[in-house]
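Biologist: Could you take me through one part of this model at close range, beginning with a residue in a loop and moving on to the strands around it?

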Amino acid sequence: VVFIIPTLTAGGAERVFSLMANFWSEREHDITILSLDSPDHEPFFTLHKNVKYQPLNLLEERKGYLGKVKRTLSQIITTRRRVNKLCPDVVIAQLDIAIFLAMTSTIFSKNKAIVYEGNNPYLNTTNKYLQKFNDFLYRFTDHLVLQTKQIAQTFPVHLRKKISIIYNPVTPPGVQLNHEDYIENFQRKRIVSVGRLEFQKGYDVLIRAFHLFLEDNPS
């Protein structure tokens, strides 16, 4: 299995792919993660000793329209060559540029591709032009994994037979608490949310929902 992702920094998509890679590696699958990042950047999340991590160093800034076109062509050629060399059973990609490169690397080849969309791509404002390419390329992918049924309903009807809904994984705490520790640490209820403070993350929705929740649960 080959994973493709822009970086392995501290983020939700990076966490999910690290968990998946570690899970399958522990079960003796051959796992490689291709990132577009510089080799100087170490993965934020700990990877299983058998997970092969290969940064491709393809995110160098280029000036001007021509420079960006050259960078994109370099990304396509380098990624496709590496995927063909690895010859995986399946390529799994997340986040827009990685999804684009996964699909252009597997199109017209025997390598299967799974697109893992962690966002609603039709509300993606990161790169609207890139998303239009991805909209076209979705038809060539073998499967689409989405976060929610609501996002699935935004996809064209002809793609829905390829879609599965899989929620983000959670991991149980690795510490066993005795009764005294539990009483001391958890009698006071806490709710913690972590994420970027921007519209996409929906903190306005969270705050309004919490207000409604408090009316029925004042403690």
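Modeller: Gladly! L95 is partly exposed, with a relative accessible area of 26%; on this scale buried means under 20%, exposed means over 50% and partly exposed lies in between (1.4 Å probe, protein chains only). L95 sits in the loop that connects β4 to α3. Helices (H or I, at least four residues) and strands (E, at least two) are DSSP runs counted from the N terminus.

Before going further, please keep in mind that the model is predicted: local features need pLDDT of at least 70, side-chain atom pairs count only at pLDDT 80 or more, and totals for chains, interfaces and linings use all residues. Numbering starts from 1 along each chain as its sequence is written, and side-chain values rest on heavy atoms, with hydrogens and water left out.

What sets the backbone of L95 apart is its phi, near 80°, which is positive although the residue is not glycine. Most residues other than glycine have a negative phi. F108 is another case, a non-glycine residue with a positive phi of about 60°. F108 belongs to the loop between α3 and β5, and with 77% relative accessibility F108 counts as exposed, whereas L95 is partly exposed.

Now step back from L95 along the chain into β4, which covers residues 90-94. β4 is a parallel partner of β1, and three bridges hold the pairing; two strands count as paired if DSSP finds at least two bridges between them. One contact to look for is F3, whose bridge partner in β4 is I92.

β1 itself covers residues 2-5, and both of its faces are covered. V2 and I4 lie on one side, F3 and I5 on the other, and all four are buried. In a regular strand the side chains alternate between the two faces of the sheet.

Strand β1 also pairs with β2 (residues 32-35), again in parallel, through four bridges. Here I4 stands opposite L34, and I5 has S35 as its bridge partner. In β2, T32 and L34 point one way while I33 and S35 point the other way, and all of them are buried. β2 has a further parallel partner in β3 (residues 52-55), with four bridges between them. L34 is a good residue to follow across these strands: I4 in β1 stands opposite L34, and L34 stands opposite Q54 in β3.

How does the chain get from β1 to β2? Helix α1 (residues 12-26) is part of the route, and β1, α1 and β2 together make a right-handed β-α-β unit; right-handed means that, with the strands pointing away from the viewer, the path from the first strand over the helix to the second runs clockwise. G12 belongs to α1 and is exposed, with a relative accessible area of 51%. For a sense of distance, G12 and D89 are 77 residues apart along the chain, and their C-alpha atoms are separated by 25 Å.

On the other side of L95 along the sequence comes α3 (residues 96-106), and this helix gives the most to the largest nonpolar core, seven residues. A nonpolar core is a set of buried Ala, Val, Leu, Ile, Met, Phe, Trp, Tyr and Cys residues joined through side-chain atoms within 4.5 Å. This core holds 28 residues, and I4, Y138, L144 and F155 touch the most other members. β1 and β4 each supply at least two residues, as do α3, α4 (128-137), β6 and α5 (149-152). I4 therefore ties our story together nicely: this residue is buried in β1, stands opposite L34 in β2, and ranks among the best-connected members of the core.

Finally, some context for the whole chain. There are seven helices and seven strands, and read along the sequence they follow the pattern β-α-β-β-α-β-α-β-α-β-α-β-α-α. Of the 219 residues, 35% count as buried, and the C-alpha trace spans about 60 × 40 × 40 Å along its principal axes. Toward the end of the pattern, I191 sits in the loop between α6 (179-186) and α7 (203-216). I191 is exposed, at 66% relative accessible area, and its C-alpha lies 9.9 Å from that of F210, 19 residues away in sequence.
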